[in-house]
Amino acid sequence: MRLLHNWNCPWVEGQPPRSAYLGEYGELVAASWLRAQGYKILRHRFRMGNSGEVDIICRKGDVLVFTEVKSALHTGSGRPARRVNEHKRKLLRRAAGLWLRRLGQDVPCRMDVLEVLLPPGRKPEVNLITHAFPLRKQS
């Protein structure tokens with residue numbers, strides 16, 4: 001885990017934020033962290049129909065990176081990345097496939113999961129899991 005910002009999470013112990021706000025805030029932290037690591041953000045929340053949604057599509061050098069962001073206040077019920085189950089992976093693969101078809105060319109790419117811990121009143125912590133799962137389901 002790496003500390004990201006010099007600002008603390010904007011909620012206090014005992015008053016957790018709404019789940020939707022936690023996710024949005026986590027995506028903001030994730031995009032900021034990715035930029036600081038040299039990634040170029042191409043798109044936030046890419047969705048086409050019922051294909052699923054990719055939180056952040058970015059590029060690092062020549063590699064296209066589909067990033068799923070999982071946020072949590074703590075790890076008491078396990079790491080945030082564990083919530084990327086097989087159903088979610090299927091939706092992510094479908095959305096990534098649509099993006100790749102729109103490109104019309106083969107490019108090196110990968111699927112990452114970025115965990116964002118947002119402890120009340122403390123600095124966010126970020127953990128990037130590169131190549132979290134294959135883009136195409138293995139038989």
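Start by selecting α1, residues 19-36, in this predicted model: at 1.5 Å a residue its 18 residues should span 26 Å, and the end C-alpha atoms are indeed 26 Å apart, so the helix agrees with expectation. Show the side chains along α1 and colour those that are buried, namely L22, Y25, G26, E27, V29, A30, A31, W33 and L34. Then step past the end of the helix to G38, which follows α1 and has a positive phi, near 95°.

Next, keep L34 selected and add I56, C58, L114 and V116, the residues that touch the most other members of the largest nonpolar core, which has 17 residues. Among the elements behind this core, α1, β3, β4 and β5 each supply at least two residues, and α1 gives the most, with seven.

Centre the view on L114 and display its surroundings. Leaving aside neighbours within four places in sequence, L114 is in contact with A30, W33 and L34, with the run T67, E68, V69 and K70, and with V126, N127 and L128. Apart from this core lies another, of 16 residues, and selecting L92, W99, M111 and L135 will bring up some of its members.

From L92 and W99, extend the selection to the whole of helix α2, residues 86-103, whose 18 residues reach 26 Å from the first C-alpha to the last, close to the 26 Å expected at 1.5 Å a residue. The buried residues of α2 are L91, L92, R93, A95, A96, G97, W99 and L100, and what covers them includes the strands β2 (40-47), β3 (53-60), β4 (63-72), β5 (109-117) and β6 (125-133).

Both ends of α2 deserve a look. At the N-terminal end, select N85 together with H87: N85 caps the helix, with a side-chain oxygen 3.2 Å from the backbone nitrogen of H87. Just after α2, select G104, which takes a positive phi of about 75°.

Finish at V63, in strand β4. Is V63 buried or exposed? With a relative accessible area of 24%, V63 falls between the two and is partly exposed, because buried requires under 20% and exposed over 50%. Add C109 and draw the distance between the C-alpha atoms of the two residues, which are separated by 5.2 Å although they stand 46 residues apart along the chain. To complete the view, show C58, P108 and R110 as well, since V63 touches these along with C109, not counting residues up to four places away in sequence.

Conventions. Residues are numbered from 1 along each chain as its sequence is written. This is a predicted model: local features need pLDDT of at least 70, side-chain atom pairs count only at pLDDT 80 or more; totals for chains, interfaces and linings use all residues. Side-chain values use heavy atoms; hydrogens and water are left out. Helices (H or I, at least four residues) and strands (E, at least two) are DSSP runs, numbered from the N terminus. The expected span of a helix is 1.5 Å times one less than its number of residues. Buried means under 20% relative accessible area, exposed over 50%, partly exposed in between (1.4 Å probe, protein chains only). Contact means heavy atoms within 4.5 Å. A polar contact is a pair of N or O atoms within 3.5 Å; within protein, one must be able to donate a hydrogen and the other to accept it, and residues adjacent in sequence count only if both atoms are side-chain atoms. A nonpolar core is a set of buried Ala, Val, Leu, Ile, Met, Phe, Trp, Tyr and Cys residues joined through side-chain atoms within 4.5 Å.
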